[in-house]
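Reader: Hi! Could we walk through this model together? I'd like to start with a helix and work outwards.

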Amino acid sequence: MSSPSAEEESNLETDKDGATEELESKRLLPPQFTPSTNEDGEEEVAFESREKILIVDIDSPESVDAVDFVPPFSWKKLWLFTGPGFLMSIAFLDPGNLEGDLQAGAIAGYSLLWLLMWATIMGLLIQMLSARIGVATGRHLAELCREEYPNWARLVLWFMAELALIGADIQEVIGSAIAIQILSNGKLPLWAGVLITASDCFIFLFMENYGVRKLEAVFAVLIATMALSFAWMFGDTKPSGKELLLGILVPRLGSKTIRQAVGVVGCVIMPHNVFLHSALVQSRKIDPRRRGRVQEALNYYLIESSAALLVSFMINMFVTTVFAKGFYGTKLANNIGLVNAGQYLQDKYGGGIFPILYIWGIGLLAAGQSSTITGTYAGQFIMGGFLNLRLKNWLRALITRSFAIVPTIVVAVVFNTSEASLDVLNEWLNVLQSIQIPFALIPLLTLVSKEHVMGVFRIGPLLERLAWTIAALVIVINGYLMMDFFVSEVKGLLFGFLVCTGTAAYIAFILYLISREGAFPSTWFSIELTKR
């Protein structure tokens with residue numbers, strides 16, 4: 001029998017190496033979950049394969065086949081990955097955030113700009129963990145929660161996510177309605193603005209039929225409208241450049257501005273946005289079995305999300321500094337809210353070729369419309385992921401929209417003429433969203449730290465500790481907001497008893513989520529034991 005030739009030995013060795021590499025990739029990459037199907041035998045997915053954007057390769061065929069190969073940076077590929085981060089950034093620019101900005105500027109001046117910057121950086125870290133879990137597993141956070149938690153806990157998490165979404169949506173729709181009222185010179189009442197804004201779900205469905213890129217382009221136009229409007233206001237009012245730089249670079253926090261500081265940090269993490277980003281990143285076609293491709297996608301998403309949140313920080317800074325220049329230290333500072341902000345600006349700075357009242361209205365309308373549409377988007381992923389409901393897009397959007405629009409119309413009719421009542425309502429809605437934050441952050445940090453979920457892309461001990469520290473900080477700050485609000489608003493023995501009972505159940509469920517399967521980072525405890 002003849003011995004194998006050198007060429008045959010080389011081929012055998014190559015096949016052996018390829019098999020070893022494939023086995024290693026299967027071991028290190030996250031396992032593919034066995035999908036739970038609905039009654040029709042079909043699984044709910046964020047994006048159908050035909051809807052995903054194909055990432056064009058410019059590499060040689062040899063490098064493409066390598067499991068670990070991360071292709072070099074390409075501006076063309078960055079453009080293809082650009083989109084999900086900007087949709088995510090809209091939650092940092094919704095009307096609730098803008099109201100927090102203008103109140104921080106009017107009451108605290110320039111002194112909280114440093115906190116706004118660091119809060120945005122903290123938000124970037126949390127959102128990148130959301131993107132990481134979506135890219136590495138090929139499934140979004142709501143789907144993973146459905147697989148990882150028992151039915152009762154899954155339903156509680158879904159209910160809490162829906163409540164957070166409804167609270168955010170009411171603020172966003174009311175913000176749009178206020179903008180429509182401003183731009184119509186008060187001729188359209190608040191409830192009419194709500195009905196006009198409600199129609200955006202059909203606009204959303206119309207745009208969705210033309211593909212993801214067309215939808216992302218519309219959001220880019222809305223963000224550009226906000227940036228141009230608020231930059232125009234910034235240029236008109238000419239805030240102090242020196243005070244602006246000092247506000248960003250020098251940390252300052254006074255006893256009279258603690259409430260505004262808490263509001264700045266509390267607005268950073270929107271529960272529905274954590275679910276949303278993990279689904280949006282799946283709009284690009286990425287093979288989760290190839291470590292190099294996953295890492296490449298994460299690199300591009302980091303660049304894109306950083307750029308998007310830089311834009312959002314600039315817009316928030318424009319709003320804060322405009323109101324700091326105009327109203328800080330005045331008697332009006334404590335009375336400014338979203339409802340009357342435009343009129344106060346008009347009284348302070350007057351008209352001109354383009355009256356500042358209408359510039360504010362245009363920016364506010366762009367913020368409200370963009371955030372309500374992303375809210376509809378998030379609602380589809382949350383409902384589909386937790387409940388595994390495979391519905392037609394128009395029906396799912398209509399159901400999601402109805403959850404928020406019906407209570408919003410009631411609110412608009414009841415509070416149409418009362419600014420003070422709208423401010424109180426806004427505080428209640430902020431508390432509602434603050435309550436929900438742990439139910440998005442804790443599952444995210446738990447799952448992104450698990451090797452059986454993330455494989456080689458699970459976060460390391462240092463990043464895990466940092467993420468939990470930020471999450472704890474955000475939860476404590478929002479807890480302070482809730483406690484401060486309830487102390488001032490809760491009156492009556494029965495209402496107090498109900499609040500205490502609800503608080504006990506709330507804390508118990510948070511402790512369950514943290515303690516389940518060692519969610520809290522054990523590395524902290526191991527380090528302490530090692531030191532002893």
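Reader: What span should the 26 residues of helix α11 have at 1.5 Å a residue, and how far apart are its end C-alpha atoms?

Author: Happy to help, and just so you know, this is a predicted model. Helix α11 runs over residues 212–237, and at 1.5 Å a residue it should span 38 Å. Its end C-alpha atoms are 38 Å apart, so the two values agree.

Reader: Nice. Which residues of α11 are buried?

Author: The buried ones are V212, L215, E216, F219, L222, I223, M226, S229, F230, M233 and T237.

Reader: And what follows α11?

Author: That would be K238, which has a positive phi, near 55°.

Reader: Let's switch to α6. How does its expected span fit with its end C-alpha atoms?

Author: Helix α6 covers residues 113–137, and its 25 residues should span 36 Å at 1.5 Å a residue. The end C-alpha atoms lie 37 Å apart, which agrees.

Reader: Is α6 mostly covered or mostly open?

Author: Mostly covered, with 21 of its 25 residues buried. After α6 comes G138, and its phi is positive too, near 75°.

Reader: On to the core. Which residues touch the most other members of the largest nonpolar core?

Author: I174, F230, F323 and W360 do, in a core of 143 residues. F230 also turns up among the buried residues of α11.

Reader: What is F323 in contact with, leaving aside its neighbours within four places in sequence?

Author: Its contacts are L102, G105, A106, Y328, I336, A341, L345 and W360. W360 is itself one of the core residues that touch the most other members.

Reader: Now the outside. Which residues form the nonpolar patch on the surface?

Author: W191, L195, V410, V413 and V414 form it, and together they have about 470 Å² of accessible area. Two elements give two or more residues to the patch: α9 (190–198) and α18 (393–414).

Reader: Which helix gives the most?

Author: α18, with 3 residues. V410 is found in that helix, α18.

Reader: Last topic, the whole protein. How many helices and strands are there?

Author: There are 24 helices and 2 strands. Of the 532 residues, 53% are buried.

Reader: And how much of the accessible surface belongs to carbon and sulfur atoms?

Author: They hold 66% of a surface of about 23,800 Å². As for contacts with a separation of 6 or more, 84% are between residues 24 or more positions apart.

Key:
Residues are numbered from 1 along each chain as its sequence is written. This is a predicted model: local features need pLDDT of at least 70, side-chain atom pairs count only at pLDDT 80 or more; totals for chains, interfaces and linings use all residues. Side-chain values use heavy atoms; hydrogens and water are left out. Helices (H or I, at least four residues) and strands (E, at least two) are DSSP runs, numbered from the N terminus. The expected span of a helix is 1.5 Å times one less than its number of residues. Buried means under 20% relative accessible area, exposed over 50%, partly exposed in between (1.4 Å probe, protein chains only). A nonpolar core is a set of buried Ala, Val, Leu, Ile, Met, Phe, Trp, Tyr and Cys residues joined through side-chain atoms within 4.5 Å. Contact means heavy atoms within 4.5 Å. Patches are made of residues with over 30% relative accessible area and no salt bridge: like charges are joined within 9 Å, nonpolar side chains (Val, Leu, Ile, Met, Phe, Trp, Tyr) within 5 Å. Accessible areas come from the Shrake-Rupley method with a 1.4 Å probe; for residues, only the protein chains shown count as cover. A salt bridge is a side-chain nitrogen of Lys or Arg within 4 Å of a carboxyl oxygen of Asp or Glu.
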